[in-house]
Amino acid sequence: MLARLARRGCDPESALAAVGELERAGLMGDERYARERVRTELARRPAADALLEHTLTSRGVSPALAASTTRSVTAGQSESARANELVRTSVRAAALTGKPIAERRRLASLLARRGFDAEVAHSALETVLGPVPEVECDQHADQDMGHEPASSRSAGRSHTTVEET
């Protein structure tokens, strides 16, 4: 803050006094910044502790302060609950394609980008969407890969061998 005020032409003594007053009043400082940053990030969209801590450390907050602030702000809400909330809000907001495997992949990617590990992401998908039916799973996986479903691939075809020349 002092450097910013100096670049704008403020007298160094006045700037130091103003910054000191703001810090004493609790209106400025790393702790307050970290707390408000985590709250803002969570209000925008649920995120895992790892992403919240990374966001703070990438902006100059010490790793220890980033971890303690993240723990205190997120106390009372588990990562699983935040992941479930993210899936629920994303499903409501998305235009569903009718391809459950593709939708799950998209949601799993979103969860990963928001810092949730694979176990938490899988649990959130199962909790919110339920298990994927096996038959649907095979058919949609083939369609997502650009193949015709396995059931129609083998239907009506006989086994042929390659002739040797």
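Colleague: How much surface does the protein expose, and what share of it do carbon and sulfur atoms supply?

Modeller: In this predicted model, the protein exposes about 11000 Å², and carbon and sulfur atoms supply 52% of that area.

Colleague: What makes a residue count as buried here, and what percentage of the protein's residues count as such?

Modeller: A residue is called buried because its relative accessible area is under 20%, and of the 165 residues of the protein, 27% count as buried.

Colleague: Which elements make up the protein, and in what order do they run?

Modeller: The protein has ten helices and zero strands, so that from the N terminus on the elements read α-α-α-α-α-α-α-α-α-α.

Colleague: Why are A48, A83, L86, V87, L107, L110, L111, F116, V120, A121, A124 and L125 called a nonpolar core?

Modeller: These twelve residues form the largest nonpolar core, and the name applies because such a set consists of buried residues of types such as Ala, Val, Leu and Phe, joined through side-chain atoms within 4.5 Å. The helices α6 (79–93), α7 (100–113) and α8 (118–129) each supply at least two residues of this core, and α8 gives the most, with four residues.

Colleague: Which residues does A83 touch, leaving aside those up to four places away in sequence?

Modeller: A83 touches L111, F116, V120 and A124; these count as contacts because heavy atoms lie within 4.5 Å.

Colleague: Which residues does the second core include?

Modeller: The second core, which is separate and has nine residues, includes V38, L56, L65 and A66.

How values were computed:
Residues numbered from 1 in each chain as written. Predicted model: local features only at pLDDT ≥ 70, side-chain atom pairs only at ≥ 80, totals over all residues. Heavy atoms only, no water. Buried < 20%, exposed > 50% of the residue type's maximum accessible area, 1.4 Å probe, protein only. Areas by Shrake-Rupley, 256 points an atom, 1.4 Å probe, with all protein chains shown as cover.
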